[in-house]
Structures are given as C-alpha cells and as structure tokens.
Protein chains: 2
Amino acid sequence: MIKIAVDAMGGDNSPKKIIDGIIHHHKFNKDIFYKIFGDQIEINKLIDNKIAKNNFEISNTLNKVSSEDSPLEAAKRGKDTSMWLAIESVKKKDCDIVISAGNTGALLVISKLNLKMIDNIDKPALSALWPNKKGMSVVLDLGANIDCSSKNLFDFSIMGASLFKSLYPTQTTNVALLNIGSEELKGNETIKETFKILKEKKLDDFNFKGYIEGNELMNGNVNVIVSDGFTGNVALKTAEGTANFITSELKKVLSGNLMGKISSFLNIQNLNKFKKRLDPRLYNGAIFIGLDSPVVKSHGGTDYIGFSNSLDVCCKIIKGNLIDKIKRNISL
Amino acid sequence: MIKIAVDAMGGDNSPKKIIDGIIHHHKFNKDIFYKIFGDQIEINKLIDNKIAKNNFEISNTLNKVSSEDSPLEAAKRGKDTSMWLAIESVKKKDCDIVISAGNTGALLVISKLNLKMIDNIDKPALSALWPNKKGMSVVLDLGANIDCSSKNLFDFSIMGASLFKSLYPTQTTNVALLNIGSEELKGNETIKETFKILKEKKLDDFNFKGYIEGNELMNGNVNVIVSDGFTGNVALKTAEGTANFITSELKKVLSGNLMGKISSFLNIQNLNKFKKRLDPRLYNGAIFIGLDSPVVKSHGGTDYIGFSNSLDVCCKIIKGNLIDKIKRNISL
C-alpha cells in the first residue's frame, strides 16, 4: 500500500478542498493510505466516514505555515506545523511521498532541511507538467535555482527524464535544452557545455534531442525540457499569461453579442472539450526532485479535483520508482 | 518628406510582397518617399505605375543576402547587396530609417558595421511589439545580447521607453523588469542592481513599476518590458508557441464535428474579430535600437499587409523623434 503524507492545512480553502480531494481520489484508488496532518477535529468532520478506516490516519496539530510566511519564518514556526510533520514522516520512512498545497518557498526550505540530497545530485529542482500537441511534457527547473552550472543542468536532464519515464512508462523520453536557437553554437557558455556533456553520455533511458526554442515547447516532439530556474519560471508564467490573454479575448467575442451567445450555446459541447483540454487542474502539481524523497506541491488555488490529480501524480511517482531511476541514471 | 530605405530582396516571396507592401502603404501615406534597393527590372514590373513617381526611387543591385547566410558570410558578400546598400543610405543620411525582411543576424551585424552607437549606450537591443489586454507593449531585448550588465538593462529601459513614447505619444509609459517574483529581493544580482538604478533615477518620461512576472506580461499594467536577450527571446517565443497551441486546439474543436462547424459558421464575424485581434501581422516589425539610426526588421514570413504595417512603424519612429528622445533621456 502506497502511503502519502498529506499536509491538510496549506492553500486556499483548506482543509476542506484537501479532504474533498482525498475523498474523490479514494473513490478510484482503494490501495492508497493517506496520512493526514492538521486539525483533527475539523478534518474528521470533513471526512464524515467517506474514507475507509483502513485507508487513513490523522496526525493532529494546530500549528501551520501561512501563505504569507517567508521560508525562514515558516521554518521558525517550529517542528509541529502540519507541513513540517508531513515532510518529517517521509524522512522517518513512515510515508513514501509528501504533498502540500501550501507556501512553496517554505515547502522547499523545510524539505531541504529534513531530507537528504540524492548522491551525485548537486541541487534539487522544481518541475511541472505542461500540455503539448501530442500529450504532456515535464519542464524543469521552474525557479528553485536562479544560477545553474552545466552540472546542474545535466542533473536536471537525468531527473526530468526519470520523472517522465515514471509518469509515462510506455512513451519514448526525448530531452532537450531550452535555448534561443537550434544550432549547436547558439546560447550561453553553460548551455553549450551541457549540450556537449549530454551528447557524449549515451544513456539508455532517454534520447537527447539538442536545443529547443520557446515556440516549439508545445509541439510535442520533445517531452522533457531543461532550463535554469530563471528562464524556466519566465517561460512557464509567460505561457500561463498568454493562455489567459487568449481565452479572455475569446470569451469577449463569444459573449459580446447575441450571435456569439447563440452559436456558443449550440457549440457548448465542443467548447467544453476545449476548456477541458486547457484545464489547469489536469496539470496541477509541481514536483520537487533531487532529494531522497520526492515532494509534490499542489497549486494553492486549485480545487478538490486539482488536488486529487496531484494525489495521482504522487501515486505514479512511487509506482514508477522515480528515486531509483534517478539513482541508476546518475551513476551511469 | 520621410525617406525610408527598403531592402526589397529579403524574406520569403520577395521582392513581390515588399513591393505590394509599399504600394499598399502608399495608398494611405502620400508623404513618404521609398528608396528601394534590389533588382530594378523585377521591381519596376511589380510597381507597375502604382506608386507616384515622386514617391520612390530604385537603386539597382543584383547581389543579395540569403536567409541561410551566417552574419559573417552576409558581410563578406560585399557592399553591393541590397541589404548593405539600404543600411549605407541611412549612414550617408540619404534616408531617415531602413527596413528589411531579410536575415536577422546579417541585418544586425551589417547595421553595427555601418552605423555608430548612440553616445552612452553600450549595446543595441532588439525590441518588438506585443499585444496586451489594454493595447500594446514594447519588449526588449529579444536576443541581440545574451549576457547583459545592469548598465545594459538600464539602457534598454531608456530605449524601450523612448520607443514606446514615439509610437504611442498620448499614453503613459510604464516600465518594468522581467523577473521571477515581484518582491524587491527576488532575481539575480544584475536585475536587483538595475532595479536600484531605475528606482533612484527620477526620469520625467516614464514611470518605473518595478518587477513584472511572465504571467503579467499581457495584462497591460506595464507597457515597456525589459529583459536580457536570452530570457526575452524565450519569453517571446514561448508566448508565440502557446498562442499557436491554443488556437490549434480551438480549431480542432470548432471543426471537429457538424455542430462545431454550424456554430462557427453562425459566429463567423465574432471569430474573425478574434482572429484579427491575434493577427501577428498587426505586430510585425522588430526594431533594432541603440545605433544612431533605428533599423526595422520585418518578419521574413509575413505578407504585404504585415510589411506595410512595418512601414507604418518606420514612419511613427521618425515622426516621434525616437533617436532624439533616447539621446535626451540617456543624458539626464
């Protein structure tokens, strides 16, 4: 039975959406055990006998990290916040993986304080899932490391490829470096150095496809995209901003006049399909990798469906033996 | 009369689209003189008396830069390519501004070889126009400079603000630095240093709005966005890729079945409005600034409408006294 440590107190509208997410996930996954950290009385009320007794346990604490805390303040709140206790349960091997919808900076810092790095990995990275024309991609780093060496980018390639393989075991893993041109001579020194390292190493688990430009991120030819944390964060957020801009412009024309409204009504099924394809809840969950246990961060603003999808990511990571894959690949 | 030097031989389907673009532009702008560089016989055939005799002149040359040339190869092709001659005519003050739809790298290098830097500007930058919810933004640098110092980013801020003011003289100019968080302490050292410089300088021509994240690029609160060339290029291309991805998903659902087709037909006017709002031809034209004359690069793949819009950008830049604005601001 996979054991997931859940910080029930992080993110907007918690613990309700967290518990509703677990209840929803439990409906379709009877082989998961949820160790839930937070306010026992409130949590018990919300569970309301909707999770089988053998599938959960509540670890009571009233202290919690707030979304306004700086990482340092969060760590100073002590070892009895729901976030700290959830992470600690993974350190103690009580649980296989930990998930929180709380403060990202705090989650990264408290994880680093509690969990060891994987041997030969220099820095952990924040990765996420992106839709592309053919399916999904893994993108990293998304902001955990502003300055990266070629060794860091190489590590990220190994970690990203291992993560993709854990999530999508039947697919071919194609890795590329995010750059501003596709020719071998383009880019800064760090990227060119990483290109050389990846080209020379012949790893069995993935194909190295060279450089990728921003406009190709979503065409699906590559499914693991590697970048320093500054560029990766800008790319992810720019994609988010562009998607918002376009869908808001679309909404304007579709509801701007009567003909727009009538035709949208007629086309409701198709438009819902479109909406579903772009639904951010489907891609919810950033994964912090490089520590000897993965740490999953659900978006703070998601709802119970989004949180349930992040619980799915947790299960796939454990079933796919992510950490073992990284360890094997990094020592090749 | 504004005099524009036009390289007629660059980009796909040239010189036809270039000449058609000039003819289209001439219809609405009778006070512009086009000095056209390229194959005189072919160009004359295409003009076919559709431009008033007093509004153009052809400078004949059969040599041209190809899109596959490296910048070095392009420079080596000599001083009689249509691109070189067009740039040189600005250097000689025969023309006020130069435009080409040809090889970007070659255009930057040949411009730098021929034109002087503006005093106190260390590096020129490539800027472009982006749509946002309230209108348009200027974004720079888009790839001319991979590594940038805080002085470079400061220069870009001055140049970007001056460009925005030249193009949109009645609007307030709000400048921000592209970063991965909005707090003053976020980002790399160069960005933090630039933040300090911009905060201390009190320039009359624009407001400094601090940092902006990728997801806010298109909300319109800021209209001059400053970045190093690596990050700016990734952001621009990621926005382009995301827009392509979303519109292709939308097309799929709108044409996937009969109901989709019927409702799209009913809604054709609104969908065309939407398409027009996102039409890249409206934003065509990157502007290379920092040299003592601006150089405008039209997208190689645009059509005559797009090229005509870039000619409009040329006119606005000259009417707005861009170079004088930069000189005044940089010496404040």
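Trainee: Which strands does helix α8 of chain A lie across in this predicted model?
Mentor: Helix α8(A), residues 229-255, lies across β5 (125-132), β6 (135-140) and β7 of chain A. The helix runs at about 145° to β6(A).

Trainee: What makes 145° a statement about direction?
Mentor: Angles run from 0 to 180 degrees between N-to-C directions, so the order of the residues counts. For α8(A) and β6(A) the value is about 145°.

Trainee: Which sheet do these strands belong to, and in what order does it run?
Mentor: Eleven strands of chain A form an open sheet with mixed pairing. The order is β3-β2-β1-β4-β11-β10-β5-β6-β9-β7-β8.

Trainee: Why are β3 and β8 of chain A called edge strands?
Mentor: Each pairs on one side only. β3 spans 56-60 and β8 spans 207-212. Neighbouring strands of the sheet are turned by 25° against each other on average, direction ignored.

Trainee: How do you know that β7(A) and β8(A) pair?
Mentor: Pairing needs at least two bridges, and β7(A) and β8(A) have four, so they pair. The sense is parallel. Leu178(A) stands opposite Ile212(A) in β8(A).

Trainee: Where does chain A touch chain B, and how many residues are in contact?
Mentor: 46 residues of chain A are in contact with 46 of chain B. The elements of chain A giving two or more residues are α8, α9 (258-266) and α10 (268-277).

Trainee: What share comes from α8(A)?
Mentor: The largest: 19 residues.

Trainee: What classes of residue make up that side of chain A?
Mentor: The side has 22 nonpolar, 15 polar and nine charged residues.

Technical notes. Residues are numbered from 1 along each chain as its sequence is written. Chains are lettered from A and ligands numbered from 1 in the order in which they are written. This is a predicted model: local features need pLDDT of at least 70, side-chain atom pairs count only at pLDDT 80 or more; totals for chains, interfaces and linings use all residues. Two residues are in contact if their C-beta atoms, placed from the backbone, lie within 7 Å. Ala, Val, Leu, Ile, Met, Phe, Trp, Tyr, Cys and Pro count as nonpolar, Asp, Glu, Lys and Arg as charged, and the others, Gly among them, as polar.
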